[in-house]
Amino acid sequence: MVSSVGRFIKTFEKNDIKILEEMGFQVDIATNTVLNDNDSLNELHNLVNNIEFPRRPFSLKTISATSKLLKLLKRNDYYAIHVHTPVAAFITRLVVLLYKKKKMKIIYTCHGFHFNRNSSLLNWMLYYPIEYLMSFVTDLIITINQEDYEIAKKFKAKNVELIAGVGIDLNRINSNQVNGDELRNALGYVNDFIIITIGELSKRKNQKVIFEALSLLNSKNIRYILIGSGSEYLNLKKLATKLNISDQIVFCGELQKDDVYKLINIADIGAIPSKIEGLGLAGLECLACGKPLIGSGYQGISEYLKDGLTGFICKNNPETYAYRIKELVENKTLIQTMKPNCIQMATKFDISQSDKQMRKIYNSILGDTGCCVKL
């Protein structure tokens, strides 16, 4: 199991590892994580190989990562590799070409191509050729939204599948339902209209467009809660000051999942304004709590953000976000009307669904080892 970021495997791939182990496989991990005693990857009891993947495919670090991966493959003679995240997927498949072991199975889960209908020409020029060429050495590409699925079908992988993401844990979300009014009182947000976003603070996640929308509304009773950390934290703080909305912005940093779900309960709506998003579990978690969304509607977000039913599509337009926020502030009945649609939509993405799909896929692509897993 290969990923550029160790946190990705901790968060999203534990269930896939469990399935593979039930099939009888030993699963090793390659990622840019140096374990400490408290690292949650230790809970998986797998051999973790620290490989520092670069952020971009063409970098001096690519040479080092390629060398380390090649040694790892030769040392362990793996039967199959399951790759995640674009750069790690590129480097790993490049190494497989160098390794020249024809029987090795290569599975690539695309959690959102870095090019889509709304991407820049630069992204298409950089990432499309890489994904296309590497598909020649890929046995299976797994996609998590319809747009990426249609693109992947035009590539040269032997098989392409579409699944409902890695799944959200509806049981855990429901077990963390709290009295929103009581928590609002405790936090001092009694009369505020609350918008919440969960995710990395980055240009790709595009939280700044909500900041711009709030500045257009000039309403001090609207509060925007951001859960997560990232490279854009300082820039967003500066932007809030520049737009004179600092008092409306709450940066929570990284939180435990159960605390995230509790905070979603006090929100009126969720926001998912990403420019690139394979699916966006954070948006689905808001829907599971009955919270309508305002969002870009780009890529995977369009799978569940249905305009007028589970929220509103605003693309990347601050004026549209401002208009829809104002509409929802003034019409709380509309939020209540959307609530059952939101909850119903979220059920389609429960982890039980993705578990069933992955078991079927693994049996199909890896079943000829003699290993099997109960479906």
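In this predicted model, Arg 184 is buried, and Asp 268 is buried as well.

**Exercise 1.** Determine how the side chains of Arg 184 and Asp 268 meet, and which parts of the chain the pair ties together.

*Solution.* Begin with the distance: the side chains of Arg 184 and Asp 268 are 2.7 Å apart, N to O, and meet in a salt bridge, for which the cut-off is 4 Å. Next, place the two residues: Arg 184 lies in helix H8 (residues 180-187), whereas Asp 268 lies in the loop between helix H11 (257-266) and strand E10 (269-272), so the pair ties together parts that are 84 residues apart in sequence.

**Exercise 2.** Find where Lys 208 and Glu 212 lie, and decide whether Lys 208 is buried, partly exposed or exposed.

*Solution.* First, both residues belong to helix H9 (residues 208-217), where Lys 208 and Glu 212 are four residues apart, about one turn of the helix. Second, the closest N and O atoms of their salt bridge are 3.2 Å apart. Third, Lys 208 has a relative accessible area of 36% and is therefore partly exposed, since buried means under 20% and exposed over 50%; Glu 212, at 23%, also counts as partly exposed.

**Exercise 3.** Work out the separation of Arg 324 and Glu 327 in helix H13, and classify Arg 324 as buried or exposed.

*Solution.* In helix H13 (residues 318-330), Arg 324 and Glu 327 are three residues apart, which means that about one helical turn separates them. The two form a salt bridge whose closest N and O atoms are 2.7 Å apart. With a relative accessible area of 17%, Arg 324 is buried, while Glu 327, at 24%, is partly exposed.

Terms used
Residues numbered from 1 in each chain as written. Predicted model: local features only at pLDDT ≥ 70, side-chain atom pairs only at ≥ 80, totals over all residues. Heavy atoms only, no water. Buried < 20%, exposed > 50% of the residue type's maximum accessible area, 1.4 Å probe, protein only.
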